Every structure is written in C-alpha cells, then in structure tokens.
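Subject: Structure for you to look through

Dear colleague,

Here is the structure that I promised to hand over, with the sequence beside it. Please have it open while you read, since the notes below go through it place by place.

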Amino acid sequence: MNDVFLKALPVLQKLTTAGFEAYFVGGSVRDYLLNRTISDVDIATSAFPEEVKEIFQATYDTGIAHGTVTVRENKECYEVTTFRTEGTYEDFRRPSEVTFIRSLEEDLQRRDFTMNAIAMDEHFDLHDPFSGQLAIQNKEIKAVGKASERFHEDALRMMRAVRFLSQLDFELDKETENALGSQIALLQHTSVERITVEWIKMIKGPAVKRAMDLLLQVEMETYLPGLKGEKVALTEFASWNWEKRTTEEAIWLGLVVAVKPTNVTAFLKAWKLPNKTIQLVNKAYQDALNTKEAWLTEELYHAGKAVFSLVNELNVIRGQANKQAALDQAYELLPIHSKKDLAISGADLLKWSGENAGPWVKETLDNVERAVLLNEINNEKNQLKRWLGYHEE
Ligand code: ATP
Ligand code: MG
C-alpha cells in the first residue's frame, strides 16, 4: 500500500476504534487508482466534529461549519470531514446549509464526479456505490446522478469537469457533456476565486488543448473574467507548450499577451490575483509582447531578474530556445544592478556642487547610472567626481 495512506492509517483506526466509520475519500483515492502521485489525503467520517475533537489531541477548527476538523497525527495534518449532505442550493453557488449524517453512501452522493466518489476503508477495501472505478478504467468524467441537476446545484462543477479533463486526460461522458452545454450560463454565479483555482489547474494539465477545445465549444469563456469574445486568442494561448511552464505567473503573462486587454491591471484584478503577481506580469508585459530575441544592456538592467526570467519562460513556452543561462550571465556581469550600487549619491553631488537640491540631482544620477551601466566610466568615486567636472580632493 502507498506510504501516504499507511502514514494516515492511524487516523482512520482511532476513529473506528472509537466506534465511528472512517474512510479515505476524494482525490487521493482517485489518484491512487490511477497510479498518480497523491497530494493531500482527505478523510470522511461518521463522527461529528465535536466527537472528532475528543478523539485527537491536536485539532484545528479549519472549516468546522462545513464539518471539517484538521487533525495532526504523525507530524502531518489531515482534514477530517463529517459525512454530510448539502441542503438547498439557492443561488447556484454553494449549499445554503450542510447537514451532518451518519451514512457514507449519502456523503458520496453529494460529490461531483463518480471518480471522486470512491471511499477506501482501513483494510484498503473500496466502497464504490457509483461505479467510480469503472469510470476511471474508461477514462471518463461522469457526474454523480443527473448531471444537469448537479451543475445547477453548483455551477463550478462544470469548470471542474474541464479541469479534470485536462489534468487526467479523460473524456466527458455524453450526458455530462450535454449538461455542460445546456447549463453553462450558470457559471456567472460562481465566485471568481473558485474559478481561478480551477483555471490554473486546467492550464497545468497535460491535455490543456483538448480542455480548451471543449471550453470554447460550450462557450465557457463567456463567463470567465475578461475572456468573452476571445476565442481566437484562447485557441492560440492553448496551442503553446504549456508543459514547459515552471511558474504560475507565466500563465497570466501568457494570457495577457494572447488577449492584449486594454487595461492589463484591471484584467488581472478581475481574476482576483495577488498584487505581487499583477505587478510582476504588468512589468513583464511590454517585453513579452516584443518576444525579445535579444536584450540590450539597459533593458536587462531595468527589467531585473524576475522580469527577464518570466519573459524568457513565456518565450520558451511559445517555442523559442531557452536563453536563461545566457541572460543570467549577462545580468551578473552588469557593473551595477540598481542605483544604490553607484559609488556616489545625491548627498555627494550637493556637497561637491554647493548648490541646492532640485531635479538636477536625479537627472545627474540618471546620467551617471547610464554611463556606468554602458561601461563608459568606472563605478569609482573619484573617477565619477572628475567625470562630472568636480575637482578631486
Ligand atoms: P485535486 O487533486 O486537484 O485536489 P480533488 O478531487 O481532491 O482534486 P478537491 O477540490 O481537493 O479535488 O476536492 C476533494 C473532493 O471533494 C473531491 O474529490 C470531491 O469528492 C469533492 N468535491 C470538491 N469540490 C466539489 C464540488 N464543487 N461539488 C461536489 N463535490 C466536490
Ligand atoms: Mg484534493
């Protein structure tokens, strides 16, 4: 048995010893059956949150309202969630209430796809009331129950379907695909944060081209931030070599390069990205549009390592040769890497000139910066002083 499950086994055993049912569920069981690397192990139990907290020494109330208690065991953290059904879905988003229950089968029934609705007990026996294993064998993404109803309950599931297609290189079963076509407009009620998570996972998947074909076929892009009417841009975007991606910022830079929004910041903000990402992508945008074959010294200097590395990454994704090593070396060899590296400061200029502060100080330092950068003068205090026309002491 997989080490990840063996390590988590005591959590199941402690729950069953206390008289409750407990199972591994969700993505970990699916990925185990697919022989994929298992990320996080989720545990479902008949114990109610307060009961879970009595059994384990270290617990955290991460999502207690939804029945999730984080349990620390064997120096790992596990999310232990009480079996639940989700009450009425009022606005196509999230259940308005969750009800804790004692039945595994009902808990599996509220899950999105049959491949995600398999449970594994402490003896590693599988409980699979919706034939999830068969779906996995057939490489099929199939909604649990009636697909259109399930998408109506929570529209994000449509995006999850497309994301799983990309991630697992599966197909959608016919009914699920038809429901996607008919229910897609409900996606407009879904929160952007949840959409962004699925979008990133979709681009990271190996079958991103096929996923994009389906996404465009059902016109999902209409409900994604800033992507309405961008079929051509998205087709080009998806044709790039995303398997060469190493950072998430490259996804966003690629997207703005493909779509060319009039306001890059507003476009990225609509996806609710962290400010750090927005700033970096913005800074890299012009250089990325120019598909830089070669960088001038000054361009490299003003871009900085984070920006030229990101632009290079996107260029690699778009099929250019990787220039990272050469760029790094050229950058290392620059005489300075910021104005702070200059051997003189504004204070020196004021002292030497005896003049008052003013815009001339910055202008002079800019000139010195350029001259030093282009190796017209050494970055040495006395030489710079002489170069500026002041006497040496
Ligand atoms: P990943 O490998 O990307 O984590 P995952 O299947 O574990 O994939 P999660 O988002 O971590 O996906 O969700 C864990 C499990 O919770 C899923 O396998 C599924 O059973 C259930 N689930 C998650 N989101 C939904 C949803 N929107 N509707 C119904 N069930 C869901
Ligand atoms: Mg998961």
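A residue is called buried when its relative accessible area is under 20%, exposed when that value is over 50%, and partly exposed in between. Please keep in mind throughout that this is a predicted model.

With that cut-off in hand, arginine 194 is a useful place to begin. This residue is in helix α9, and because its relative accessible area is 18%, under the limit of 20%, arginine 194 counts as buried. Its side chain makes a polar contact with the side chain of aspartate 154, at 3.0 Å.

The same reasoning can be applied to glutamine 183, which lies in helix α8, residues 174–183. Glutamine 183 has a relative accessible area of 16%, and therefore it is buried too. Leaving aside residues up to four places away in sequence, glutamine 183 touches Ser148, Phe151, His152 and Met158. If you would like a distance to check on screen, the C-alpha atoms of glutamine 183 and valine 257 are separated by 30 Å, and these two residues are 74 residues apart along the chain.

Next comes the largest pocket, whose volume is about 1,400 Å³. Which of its lining residues are the closest to its centre? Of the 38 residues in the lining, they are Asp42, Arg110, Arg111, Arg160 and Arg163. The elements that each give two or more residues to this lining are α2, β2, β3 (59–63), β5 (76–82), β6 (84–86), α7 (156–168) and α9 (192–204), and the largest share, six residues, comes from α7. Sorted by character, the lining of the largest pocket has 20 charged residues, 11 polar ones and seven nonpolar ones.

There is also a record to set beside this pocket. In an unreviewed entry, UniProt lists Asp40 and Asp42 under "binding site", and the lining of the largest pocket includes both Asp40 and Asp42. Aspartate 40 sits in the loop between α2 (27–33) and β2 (42–45), where its side chain makes a polar contact with the side chain of serine 39, at 3.5 Å. Aspartate 42, by contrast, is in strand β2. Is aspartate 42 buried, exposed or partly exposed? Its relative accessibility is 28%, which falls between the two cut-offs, so aspartate 42 counts as partly exposed. Not counting residues up to four places away in sequence, aspartate 42 touches Tyr23, Phe24, Val25, Ser28 and Glu79.

Further along the chain, the unreviewed UniProt entry places the feature "domain: CCA-adding enzyme C-terminal" at residues 246–387. Over these residues the chain is 65% helix and 0% strand, and the end C-alpha atoms of the stretch are 45 Å apart.

Helix α12, residues 249–259, deserves a careful look, as it is mostly covered, with 10 of its 11 residues buried. Among the buried residues of α12 are Ile251, Trp252, Leu253 and Leu255, and what covers its buried residues includes α9, α11 (231–239), α13 (264–270), α14 (275–289) and α15 (297–317). The helix is followed by lysine 260, whose phi is positive, near 50 degrees.

A positive phi is worth a remark, since most residues other than glycine have a negative phi. Lysine 75, which is not a glycine, has a positive phi of about 65 degrees. This lysine lies in the loop between β4 (68–73) and β5, and with a relative accessible area of 73%, lysine 75 is exposed. Asparagine 375, likewise not a glycine, has a positive phi of about 60 degrees. The loop that holds asparagine 375 runs between α18 (359–373) and α19 (381–387), and at 60% relative accessibility asparagine 375 counts as exposed.

Finally, there is one cavity of 30 Å³ or more, and about 40 Å³ of space lies in the largest cavity. Its lining is made up of Lys292, Trp295, Val311, Asn312, Asn315, Gln320, Lys323 and Leu327, to which α15 gives the most, with three residues. The lining of the largest cavity divides into three nonpolar, three polar and two charged residues.

With best wishes

Notes. Residues are numbered from 1 along each chain as its sequence is written. Chains are lettered from A and ligands numbered from 1 in the order in which they are written. This is a predicted model: local features need pLDDT of at least 70, side-chain atom pairs count only at pLDDT 80 or more; totals for chains, interfaces and linings use all residues. Side-chain values use heavy atoms; hydrogens and water are left out. UniProt positions are given in the numbering used here, feature names are shortened, and annotations may be inferred rather than shown by experiment. On a 1 Å grid over the protein atoms alone, a cavity is a set of points where a 1.4 Å probe fits but cannot get out, and a pocket is an open set with protein on both sides within 12 Å along at least five of seven lines; lining residues have an atom within 4 Å of a point. Helices (H or I, at least four residues) and strands (E, at least two) are DSSP runs, numbered from the N terminus. A polar contact is a pair of N or O atoms within 3.5 Å; within protein, one must be able to donate a hydrogen and the other to accept it, and residues adjacent in sequence count only if both atoms are side-chain atoms. Buried means under 20% relative accessible area, exposed over 50%, partly exposed in between (1.4 Å probe, protein chains only). Contact means heavy atoms within 4.5 Å. Grid points are joined across faces, edges and corners, and a volume is the space filled by probe spheres set on the points. Ala, Val, Leu, Ile, Met, Phe, Trp, Tyr, Cys and Pro count as nonpolar, Asp, Glu, Lys and Arg as charged, and the others, Gly among them, as polar.
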